[in-house]
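Take a walk through this model, one step at a time. Start with one side chain, then move outward to the sheet, the core and the whole chain.

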Amino acid sequence: MTDDDIMTAAEAMEASAMPQARVVHCNDQTRATPEQLPLPKAVAKKPVGDKSPAEWAYERVILYLKNFEEQLDKDHEVAMGFTGSSAGILRIEGLGYFDPDIITFYGSDESGTRMQLIQNVAQLNVVLRAISKNTPEEEPARRIGFRLAQNLGEGEETTEN
């Protein structure tokens, strides 16, 4: 559809509620990213217009976390770096939101000190980093993105975004 196409009221409402996503990579062999993958049915069930900015950001951050973790080997876990700060990294151990506009990251830094980042969605910048796991060799790497995705119902069918 172009901007000049005429839509029924129902089509206009549906179009405004559907999430829009796009990505271009310089390498066609890049694995699929959240912008290219179908939304989990549980995420798509509630229209975007009915979600708070915090809820919608929370759901999408989870999709990015899970996708990033899928690319890690058994010796690495996901952490986030801080942009414009010398706060180091936060090993992501939890993620939450507080309507209407707060996302919270829970975790620890490189030395194991507990950390929490409380971020307004209007200022949300997340740098995902692969870091060596800090658990014994025989223990598997922790996968917070997979756990969060299960909570979203991602094990269910998906719908195209």
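Is Tyr 58 buried or exposed? The model is a predicted one, and in it Tyr 58 has a relative accessibility of 9%. The cut-off for buried is under 20%. Tyr 58 therefore counts as buried.

Now look for its ring partner. A search of the whole structure turns up 1 aromatic pair. Its members are Tyr 58 and Tyr 97. Their ring centres are 4.9 Å apart, and the planes make an angle of 50 degrees. That geometry is classed as tilted. Stacked needs under 30 degrees and edge-to-face needs over 60, so an angle between those limits is called tilted. Tyr 58 sits in helix α3, residues 53–69, while Tyr 97 belongs to strand β3, residues 89–98. The pair therefore ties together parts that lie 39 residues apart in sequence. Tyr 97 has a relative accessible area of 34%, so this residue is partly exposed.

Next, follow β3 into its sheet. The sheet is open and has 5 strands, in the order β5-β4-β3-β2-β6. The pairing is antiparallel. β5 and β6 are the edge strands, each paired on one side only. From one strand to the next, the twist averages 40 degrees.

Strand β2 covers residues 76–81. How many of its 6 residues are buried? The count is 5, so β2 is largely enclosed by the rest of the structure. On one side, β2 is joined by 6 bridges to β6, residues 127–132, and the two run antiparallel. Here Ala 79 stands opposite Arg 129 of β6. β2 also pairs with β3, again antiparallel, over 3 bridges. In that pairing, Gly 81 faces Ile 89 of β3. Met 80 has Leu 90 of β3 as its bridge partner.

Return to helix α3. Which strands does α3 lie across? They are β2, β3, β4 and β6. Relative to β3, the helix runs at about 150 degrees.

Now turn to the nonpolar packing. The largest nonpolar core has 26 residues. Ile 92, Leu 95 and Phe 105 have the most contacts inside it. At least two core residues come from each of α3, β2, β3, β4 (102–108), β5 (114–120) and α4 (144–152). Which element gives the most? It is α3, with 8 residues.

Leu 95 is a good place to inspect this core. Set aside its neighbours within four places in sequence. Leu 95 then contacts Tyr 58, Val 61, Ile 62 and Leu 65, among others. Its contacts also include Ile 103, Thr 104, Phe 105 and Tyr 106. Leu 148 is another of its contacts. Tyr 58 thus appears again: it pairs with Tyr 97, and it touches Leu 95.

Finally, step back to the whole protein. It has 4 helices and 7 strands. From the N terminus on, the elements run α-β-α-α-β-β-β-β-β-α-β. The protein has 161 residues, of which 36% count as buried. Consider contacts between residues at least 6 apart in sequence: 61% of these join residues at least 24 apart. The exposed surface is about 10,300 Å². Carbon and sulfur atoms supply 50% of that area.

Key
Residues numbered from 1 in each chain as written. Predicted model: local features only at pLDDT ≥ 70, side-chain atom pairs only at ≥ 80, totals over all residues. Heavy atoms only, no water. Phe/Tyr/Trp six-rings, centres within 6.5 Å; stacked < 30°, edge-to-face > 60°. Buried < 20%, exposed > 50% of the residue type's maximum accessible area, 1.4 Å probe, protein only. Pairing = 2+ DSSP bridges. Core = buried A, V, L, I, M, F, W, Y, C linked by side-chain atoms within 4.5 Å. Contact = heavy atoms within 4.5 Å. Axes fitted to C-alpha atoms, helices over the stretch in contact; angles between N-to-C directions. Areas by Shrake-Rupley, 256 points an atom, 1.4 Å probe, with all protein chains shown as cover.
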